[in-house]
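This report looks at how two helices meet and at two residues with an unusual backbone angle. Please have the sequence and the structure at hand while reading.

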Amino acid sequence: MTTNLKLDRIKVPSGEITNSPLLLEMAKRNVPVILSTGMCDLSDIEEALSVLAFGYLNLDEKPSPAAFRRALTSNEGYNLLKKNVIILQCTSDYPAKATELNLRAIETIRSAFLLPVGFSDHSESDWAAVAAVALGACCIEKHFTTDKNLPGPDHKASLSPTELTDFVFKIRETEKSLGTGRKVP
């Protein structure tokens, strides 16, 4: 699947997180995924992770909800998820208002699944992604455009090329400023 396109990972949009056949096929082919969760609650994420764990294990067992749950709770299944899955906190609104972003869900998701968590930013600025990095987001998804006035919902929540350069700089500076956490004089 990714060999022809030379992709390291494939992003699964939140509208496909309940598409178990798609998730299962990706995992069986050993495709690492970025799993967006904009239209999901924790139980939806857990179900998707169980399907992925089952697929990554590549068992000869017939797929079923019980088999998926066993795969998710197995040490080997969990380790494969840790290696192959990044979960994104996301708000499926274009553009998303500050009051809708729920950045603290990054911590909730990480605590619930003990997996890497990032942030899919659909806000009109760059501050939310910078805050997400400060909260421990391991990756950021942000749309960019050549013209914010183009038709369609994505362009208003996207960054111009100049803004994108500044955006990356701010994120890298935030990462540097976090330090080690060790309190020293």
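Which residues in α2 meet which residues in α3? In this predicted model, S20, L23, L24, A27 and K28 are the residues of α2 that meet A48, V51, L52, F54, G55 and Y56 in α3. Sorted by class, the contact of α2 with α3 has 8 nonpolar, 2 polar and 1 charged residues.

Two packed helices are described by the angle between their axes and the distance between the axes. For helix α2, which covers residues 20-28, and helix α3, which covers residues 42-57, the angle is about 35 degrees and the axes are 7 Å apart. The crossing in which α2 passes α3 is right-handed.

The loops that follow hold two residues to look at in turn. N30, which is not a glycine, nevertheless has a positive phi of about 60 degrees, and its place is in the loop between α2 and β2, the latter being residues 33-36. N58 likewise has a positive phi, near 55 degrees, in a residue other than glycine, and N58 lies in the loop between α3 and α4, where α4 spans residues 65-73.

The table sets out the relative accessible area of these residues.

| Residue | Relative accessible area | Class |
|---|---|---|
| N30 | 45% | partly exposed |
| N58 | 47% | partly exposed |

Are these residues buried, exposed or partly exposed? Because partly exposed lies between the limits of under 20% for buried and over 50% for exposed, N30 with 45% counts as partly exposed, and N58 with 47% counts as partly exposed too.

How values were computed
Residues numbered from 1 in each chain as written. Predicted model: local features only at pLDDT ≥ 70, side-chain atom pairs only at ≥ 80, totals over all residues. Heavy atoms only, no water. Axes fitted to C-alpha atoms, helices over the stretch in contact; angles between N-to-C directions. Helix = DSSP H or I, 4+ residues; strand = E, 2+ residues; numbered from the N terminus. Left-handed = near helix turned anticlockwise from the far one by under 90°. Contact = heavy atoms within 4.5 Å. Nonpolar A, V, L, I, M, F, W, Y, C, P; charged D, E, K, R; others polar. Buried < 20%, exposed > 50% of the residue type's maximum accessible area, 1.4 Å probe, protein only.
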